[in-house]
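Me: Can you walk me through this one? I'd like to go over the cavities, the pockets, the charged pairs and the rings.

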Amino acid sequence: MTQVVSMSSLKGGVGKTSVTLGLASAALRRGVDTLVVDLDPHGDASTGLGLSAADTREADTAALLAAPRKASFDRSAVPSGWGRIAGIGERARLDVVAGSARALPYDRLPATRKNLGRLRRALERTDRYDLVLIDCPPTLNSLTRIGWAASQKVLSVAEPSLFAVAGTERTMRAIARFETESEFKVPAAGVVVNKVQRHSEEHRYRSEELRSMFGRLVVSPEIEDSSVWQQVQGAAYPVHAWPGGEAAETARRFDAILEGLLV
Ligand SMILES: Nc1ncnc2c1ncn2[C@@H]1O[C@H](COP(=O)(O)OP(=O)(O)OP(=O)(O)O)[C@@H](O)[C@H]1O
Ligand SMILES: [Mg+2]
């Protein structure tokens, strides 16, 4: 069965897109056929996956959400640019439904069952992928709910800061409210702690706080704040193909998180 996972957080800049890309990289290395659905109209995940505007002219989330019952992933999804990277690109299929500003009107749709089920219905039309990763925008509008309605698991991404517990609580409450208001179920949730500075007392304290509040929901391992991350993303590269020990350590952590998602 296809595993569908949303990366979400009501706070911006915490690493939703980075976690999506890290998991996509781990899936490619492991040989897991994967689709990334970039629900954020900013399209950062699409850029990080090496797509250009020419790749995505017709094939984007707006096209997919417009007519989910006629969804064709031949038309709406394009191969990621990572497929061209030797040593990793040939291991599995990694396709992307690209983010685009054309999806913005879908963020303001009335929250009817029909509207919220748009991505879910589209995904029912394919069995090509073992894993679907959905990168959500940092808001609780319709696009995020459309992502949640399609997901078996929502991963809330948090930084270990003063606001992390409150922010994660808000996301968890929003998921619970979404379930009562929409009739869609989110079978599982988790918290990914990102940008952890190993030697920071404050970060250690906040990580512990998250664990004491959310217990087993907190995903192991945490992702460390890594200086190579900017370079990896700047080059639109999979972290698993980036040279050096720091990238290898980050890659290993994403392998472990992916392992937990696929069981
Ligand atoms: N583990 C990390 N180490 C270092 N930098 C990181 C890490 N994770 C994310 N970043 C950086 O933090 C910034 C924000 O990350 P990202 O774009 O993934 O967040 P986001 O939650 O998707 O943001 P938005 O809410 O705008 O969609 C980026 O510049 C990214 O490179
Ligand atoms: Mg993002």
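Me: Which elements each supply at least two residues of the lining of the largest cavity?
Reply: Those are β6 (153–158) and α8 (164–182). Keep in mind that this is a predicted model.

Me: Which of them gives the most?
Reply: Helix α8, with 5 residues.

Me: How much space lies in that largest cavity?
Reply: About 110 Å³. It is lined by 15 residues, and the closest to the centre are Ser 9, Lys 11, Val 14, Val 157 and Gly 167.

Me: And how does the lining of the largest cavity split by class?
Reply: There are 6 nonpolar, 6 polar and 3 charged residues.

Me: How many cavities of 30 Å³ or more does the structure hold?
Reply: It holds 2. The second largest cavity has about 30 Å³ of space.

Me: What lines the second largest cavity?
Reply: Leu 21, Gly 22, Ser 25, Trp 82, Trp 229, Val 232, Gln 233, Tyr 237, Pro 238 and Val 239. Two or more of the lining residues come from α1, and likewise from α10.

Me: How many of those are charged?
Reply: None; the lining of the second largest cavity divides into 7 nonpolar and 3 polar residues, with no charged ones.

Me: OK, pockets. What is the volume of the largest pocket?
Reply: The largest pocket holds about 380 Å³ of space. Its lining has 23 residues, with Gly 13, Val 14, Gly 15, Ser 18 and Lys 195 nearest the centre. The elements giving two or more residues to that lining are α1 (16–30) and α10 (228–234).

Me: What classes of residue line the largest pocket?
Reply: Its lining has 11 polar, 7 charged and 5 nonpolar residues.

Me: And the second largest pocket, what volume does it have?
Reply: About 290 Å³. It has 15 lining residues, and Thr 2, Val 4, Glu 124, Ala 150 and Gln 152 are the closest to its centre. By class, that lining has 7 nonpolar, 4 polar and 4 charged residues.

Me: Glu 124 caught my eye. Which residue does it meet in a salt bridge?
Reply: Arg 120, at 4.0 Å from N to O.

Me: Is Glu 124 buried or exposed?
Reply: Exposed, because its relative accessible area is 60% and the cut-off for exposed is over 50%. Its partner Arg 120 is partly exposed, at 34%.

Me: How many salt bridges does the count come to?
Reply: It comes to 14. One of the pairs is Asp 60 with Arg 102, where the closest N and O atoms are 2.7 Å apart.

Me: Where do Asp 60 and Arg 102 sit in the chain?
Reply: Asp 60 is in the loop between α2 (44–48) and α3 (61–66), and Arg 102 is in the loop between β4 (94–97) and α5 (113–116). They are 42 residues apart, and the pair links distant parts of the chain.

Me: Why does Asp 60 count as buried?
Reply: Because its relative accessibility is 2%, and buried means under 20%. Arg 102, at 46%, counts as partly exposed.

Me: Which residue does Glu 222 pair with?
Reply: Glu 222 forms a salt bridge with Arg 211, 3.7 Å from N to O. Glu 222 lies in the loop between α9 (201–214) and α10, while Arg 211 is in helix α9, 11 residues apart. Glu 222 is buried, with a relative accessible area of 17%, and Arg 211 counts as partly exposed at 27%.

Me: Which residues are linked in a network of salt bridges?
Reply: Arg 198, Glu 224, Glu 249, Arg 252 and Arg 253 are linked in one.

Me: Last topic, rings. How many aromatic pairs are there?
Reply: The structure holds 5. Among them is Phe 178 with Phe 184, a stacked pair at 6.4 Å centre to centre with 10 degrees between the planes.

Me: Are Phe 178 and Phe 184 buried or exposed?
Reply: Both are buried. They form one aromatic cluster with Trp 148. In addition, Arg 113 lies over the face of Phe 184, 4.6 Å from the ring centre.

Me: Back to Tyr 237 from the cavity lining. Why is its pair with Trp 242 edge-to-face?
Reply: Because the planes are at 80 degrees, and over 60 counts as edge-to-face. The ring centres of Tyr 237 and Trp 242 are 5.6 Å apart. Tyr 237 counts as partly exposed, at 29% relative accessibility.

Methods: Residues are numbered from 1 along each chain as its sequence is written. Chains are lettered from A and ligands numbered from 1 in the order in which they are written. This is a predicted model: local features need pLDDT of at least 70, side-chain atom pairs count only at pLDDT 80 or more; totals for chains, interfaces and linings use all residues. Side-chain values use heavy atoms; hydrogens and water are left out. Rings of Phe, Tyr and Trp (its six-membered ring) pair if their centres lie within 6.5 Å; planes under 30 degrees apart count as stacked, over 60 as edge-to-face and the rest as tilted. Buried means under 20% relative accessible area, exposed over 50%, partly exposed in between (1.4 Å probe, protein chains only). A charge sits over a ring if NZ of Lys or CZ of Arg is within 6 Å of the ring centre and within 35 degrees of the ring normal. On a 1 Å grid over the protein atoms alone, a cavity is a set of points where a 1.4 Å probe fits but cannot get out, and a pocket is an open set with protein on both sides within 12 Å along at least five of seven lines; lining residues have an atom within 4 Å of a point. Grid points are joined across faces, edges and corners, and a volume is the space filled by probe spheres set on the points. Helices (H or I, at least four residues) and strands (E, at least two) are DSSP runs, numbered from the N terminus. Ala, Val, Leu, Ile, Met, Phe, Trp, Tyr, Cys and Pro count as nonpolar, Asp, Glu, Lys and Arg as charged, and the others, Gly among them, as polar. A salt bridge is a side-chain nitrogen of Lys or Arg within 4 Å of a carboxyl oxygen of Asp or Glu.
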